[in-house]
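Dear colleague,

I am handing over the structure we spoke about, together with some notes on it. Please look through the sequence and the coordinates before you read on.

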Amino acid sequence: MDREGYAVNGGSVKENEDRRRRLSARIMRAGLLLLFLAGIALILMGYGGERKLAASGFSEGSGFHAVHALSGDVSAMWKQEILPALENRTDAERAALSELAERLTADAWDQMQSGAGEQVSAVCEEAGGNEQAREAFRFRLLHATYLTNGPRISAADRKKLISLPRERAQAMRDELLTCLLSEKAPVPPEAQSLLDKTDPQEREAVLMQIFLTGCGADRTALGDHIADFKKGIRDKGQQIYALRLIAGGGVGFADQLIFSHSRTIILLGILLIADVILLWLWMAQERRWSFDLKWILILLIINFLMVFQMLPLLYLVFKSLFPDGAFTMETLRRLWSYPLNRNALFNTTVAALATMLLGTLIAFPLAFLVGRTDLYGRRMFRSLFVLTYMVPPYVGAMAWMRLTNPNVGIVNLWLRRILGLGNQPGPLNVYTLPGLIWVLTTFYYPYAFITISRAMEKMDPSLEEASRISGASPVKTLFRVTLPLMLPSLTAGALLVYVSAASCYGIPSIVGTPGNVNTVTTRIVEYAARGQQGMQDAIALSVFLMALALLLLFLSDVVLARRQYITVSGKSTTPTLVHLGAFRLPLTILVGLFAAVVIFLPFATILTTSFKTDVGKSLLDAGNFTLANWKGILSGTQTLSSLKNSLLFATAAATAGIVIAAVMSYLLQRTQVRGRSIPGFLIALGSGTPSVVLALGLILTMRGNFGVSIYGTASILIIAYLIKHLVMGMRTVVSAVSQIHVSLEECSQICGQGWLGTMLKITLPLIFPSVAAGWFLIFIPSFYELSMTTLLYSGTTKTIGFQLYEYWSFTSQPMSCALAFAVLLIVTLLNFVMGRLTKGRFSI
Amino acid sequence: MASVTIRHVTKAFGESVVIRDFDETIKDGEFVTLLGPSGCGKTTMLRMIAGFDQPTSGEIYIGERLVCGGKTFVPPEKRGIGMVFQSYAVWPHMNVFDNVAYPLTIRRLPKEEIRSKVERVLEVTHLTRYAGRFPAEMSGGQQQRVALARALAAEPELLLLDEPLSNLDAKLRESMRFEIKELQKRLGMTVIYVTHDQTEAMAMSDRIFVVNRGGVQQSGTPEEIYHHPCSPFVADFLGKIDFFKGEAGGGKIVLTEMDHQSIPYDGPLTGKVDVAVRPENLQIDPAGTLSGRLETKYYLGDVSDFRVRAGSEQVRVIAPGAAFPDLAEGQEVRFSIREFLVYEDDGSLEEMLQIRS
């Protein structure tokens, strides 16, 4: 406030004012300095705790890797060995096997021990092959089935452990836990005998196996135990040590806190220092040493993203270059030396490029036909293509697998009948690179479609009319005016497709792995499950993937921003439609056919498969129609609890996300506060990072080693969803706020309404449809998320997406189809509810 | 020859009829303005002439050629028209030269010819200096001139202008007005101009079509329309005018709301009428037959605007400069009417005034 003009005695008031300002600046600087010192003190305190902990003999160990490797082995093995084996069976065999697998995994360990084992043998007998191969197949099937609910252990050891009495197993488990955390603790004799036989390096892994199998006697609790254990191996160990030290006497409450949370304290200290530095910089730039309350909002968001996004990502980058603390290219060299990895790199690049080309080639004409011509039913087509955007990728993959499986794919059966081919496999095979490209394209072309059609519908139509009146035909206008003007959004859409396809995990893991078409993402997930060195390889690969994705996003943002034309006129004009004339009907039929092949066919397949007993037979065949799958998913406690989890996590992520989005849109659009663009940048960075990479980073940094221990909890999933999907919601809300002229709010304030009242009565109602859309845009992908969940789930935090994937991979395809269709129904229903809530003004 | 003949054109969007039986001819080389309030259908008519909309029924000829009607429909690119859009529609991905050259390259003219033609038209529109610039680097007025240059480049015989000046500031608007008129005279084009600004229409047009509710209310030269508006609507739309209620009969009109004072009248109407008077046709006159009380006085520099209360009507009198400096507010004044128009009172006036307010 400059009150100079009002001063009676100008000079002295000005001096007073100056003096006061200088004084408050000095106080502010002193305060910041104090906070800075406090940060250093926190770090020192934490460090002291660490030192004491080290002195007391605590070692971190890598029990984590063992746990993780064990649970990961299950899916890797199933995909690499069992699934391909199943694929080569006849329909009858497959039916028998899948039914068996379902029975076995449901809750029939005992059954497997007695009767089911023989059944498997019988199936294998029928399947033919030599004795050895049958035995191997039988073992693998039994093994994998068991692994669905518990990790691997050799058959002999398992028998031994299972034969233990229940109480003994329980006691042994507890002993082993202590044993694992402290190498000095006595090892129970049963475990010792096992340990003696093992390579010392694998000792820890074996201990973990014994522990888990010990739980295995009490099978229902196994999942919980694993989850519990995963939650923070370091954390637990540290707390036990802290307690032991305290029990030793002479340790006060403060010291106890420092022991048990040493790294959390260090982390807080670092954050405090970072905040103080940022504040200092901002104030120095403002040349005003006073505190702006909005900085708290900015710092909160920045701190959150620093811990849960930047720390994991930077850790990954660091670990890829300095795997053991020293710089080495060894990991990269090793990765490169495997043909499988080179192959995966090649596949990812080719698949993503081809998907981008094909997707854009489909999306542009579609966007034009649907948005700018008098195509019949254009509105319906538009919502149909947009709807595909809300379908989980793996559902499409599942459907295309059923349709174009080389042996029993429905489309293949038809084609064979029509073309008069014999009973040999083919002609289409989804388990190939072209198959993968096709499935990726059918799922990712809507990304380009939405980007392009939004721009196209907003374009000032008189730009095209000017070309027509200048003598250019509609086709010439399309190529010389429309296309060049669309080029920026076309490129943006294409790059979005490229990055999404390259970082997709769900589709390649379902369609690619059976035919050994590996991609970088499937390699990452597989490596991540393979102990210490595997993790190292996974890190290196994911850093590569992250670099690829971020580089492209950077290009699209920076380079294209300069070429972005403002083609939107202030007037709301309805675009003039190009009259297709004689082509109107043929083109409509063409678009309809495309929709039928890409949307109806897969969804119908999912629906009909969900009613089948034998996936290989027609639904109309006698006895093949069943409601059992639907009954199964509707009555299964597993399904219901994972559905509850998904709804809960997605709601939490979307709600937290929309709050951040609202705060950010206010800061960006309504204030000039310094530093407001930093969170926006971080948010864009996080969402541009491939999911698998983000999840891997979180696994490695969120288990207590950096002071935050949320591994295996619901929080880690919610945070991962939030970071990955926040940007979609934020962009929606920010652009909505930018379209509300500030005078609307000012007018309300002039009328006597306060700031909060104005926000609630003017701004919120105006942006409500966009807030709902933003919420929805975070909710939907979080609801069916799979890539990150695969790496981050635990026994108690399974989600619907993961459940579905599990059913598909290990249990029963019809059942997973029922679940997939249920997910589709839920998504569609939500879309409808959102539409009603916002009175039809809701659209994405 | 680029006359435009519009034969019984009707245009309906679904239920709502936007143009109703439009039937006019625009002569070769004529500057015609479609003038009307927003939503009256004038832009729709222009877009039908351009070929962006198709009439529901009726025919349009450009010169002797039927461009739409019956089974015939000539698309816009085949009509050989120049057009300037309200939003300019200057393509942001081409520089000024390419924008202007576009219609010529479409016609596949030799490169040299294109160059010389573009240069000529750029010169005419004072854009030579900006040939290499991109639209984003230019002001609204410059972009508007680019749009005009582009429309002129192919030397069309018919030029359509859709409120081309509405986005410009007052000064620029005035100068562009004369530039356009000048060009039209020089090049001898037929121009159809759409606007809702009556000053613009008066200044530029050979003929004005006053359009309202999908039909032409009156067509004629600016003078005819200003001085002999055929309806209260037209009278009101062009220039300032006030309406007073009256009863005609016996060689006079009794102004019923103005304390039943009367003015002489020997026209054909009898019974209830509306008397329309332009403020410049009223004068403060000590010998005037009408009287009232001076309510307010606004001094506007070149003129003074007096508001006189007579009965329940307010009378607006415009007098030059600082006339009658000694008249004080609240004082009785006498005034007289030099010229007035009389319309039958069919209730349409009330309706119209309601639309206005």
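The notes below go from overall confidence to chain B, its contact with chain A, and the nonpolar core.

Please bear in mind that this is a predicted model. For the complex, the predictor gives an ipTM of 0.78 and a pTM of 0.69. In chain B the mean pLDDT is 86, with 97% of the residues of that chain reaching 70 or more.

Chain B contains 9 helices and 21 strands, and 41% of its 357 residues are buried. When contacts in chain B with a separation of 6 or more are considered, 63% of them are between residues that lie 24 or more positions apart.

One sheet in chain B is worth describing in some detail. It is an open sheet of 5 strands, which follow one another in the order 14-13-12-15-21 with antiparallel pairing. Strand 14 (261–264) and strand 21 (341–344) of chain B each have a single partner strand and stand at the edges, so one side of each is left without a neighbour in the sheet. From one strand to the next, the twist averages 40°. At the end of the order given above, strand 21 of chain B pairs with strand 15 (residues 271–277) of chain B in the antiparallel sense, over 4 bridges; here Ala276(B) stands opposite Leu341(B), which belongs to strand 21 of chain B.

Turning to the contact between the chains, 18 residues of chain B and 20 residues of chain A take part in it. On the side of chain B that touches chain A, the elements that give two or more residues are strand 7 (81–84) and helix 2 (96–106) of chain B, and the largest share, 3 residues, comes from helix 2 of chain B. By residue class, that side of chain B divides into 13 nonpolar, 2 polar and 3 charged residues.

Finally, the largest nonpolar core has 268 residues, and the residues with the most contacts inside this core are Met398(A), Leu696(A) and Ala720(A). If neighbours within four places in sequence are left aside, Met398(A) is in contact with Ile510(A), Ile606(A), Trp808(A), Ser816(A), Cys817(A) and Ala820(A).

With best regards

Notes: Residues are numbered from 1 along each chain as its sequence is written. Chains are lettered from A and ligands numbered from 1 in the order in which they are written. This is a predicted model: local features need pLDDT of at least 70, side-chain atom pairs count only at pLDDT 80 or more; totals for chains, interfaces and linings use all residues. Two strands pair if DSSP finds at least two bridges between them. Axes are lines fitted to C-alpha atoms, for helices over the stretch in contact, and angles run from 0 to 180 degrees between N-to-C directions. A nonpolar core is a set of buried Ala, Val, Leu, Ile, Met, Phe, Trp, Tyr and Cys residues joined through C-beta atoms within 7 Å. A residue is buried if 20 or more other C-beta atoms lie within 10 Å of its own, exposed if 12 or fewer, and partly exposed in between; C-beta atoms are placed from the backbone. Two residues are in contact if their C-beta atoms, placed from the backbone, lie within 7 Å. pLDDT is the predictor's confidence in each residue, from 0 to 100. Ala, Val, Leu, Ile, Met, Phe, Trp, Tyr, Cys and Pro count as nonpolar, Asp, Glu, Lys and Arg as charged, and the others, Gly among them, as polar.
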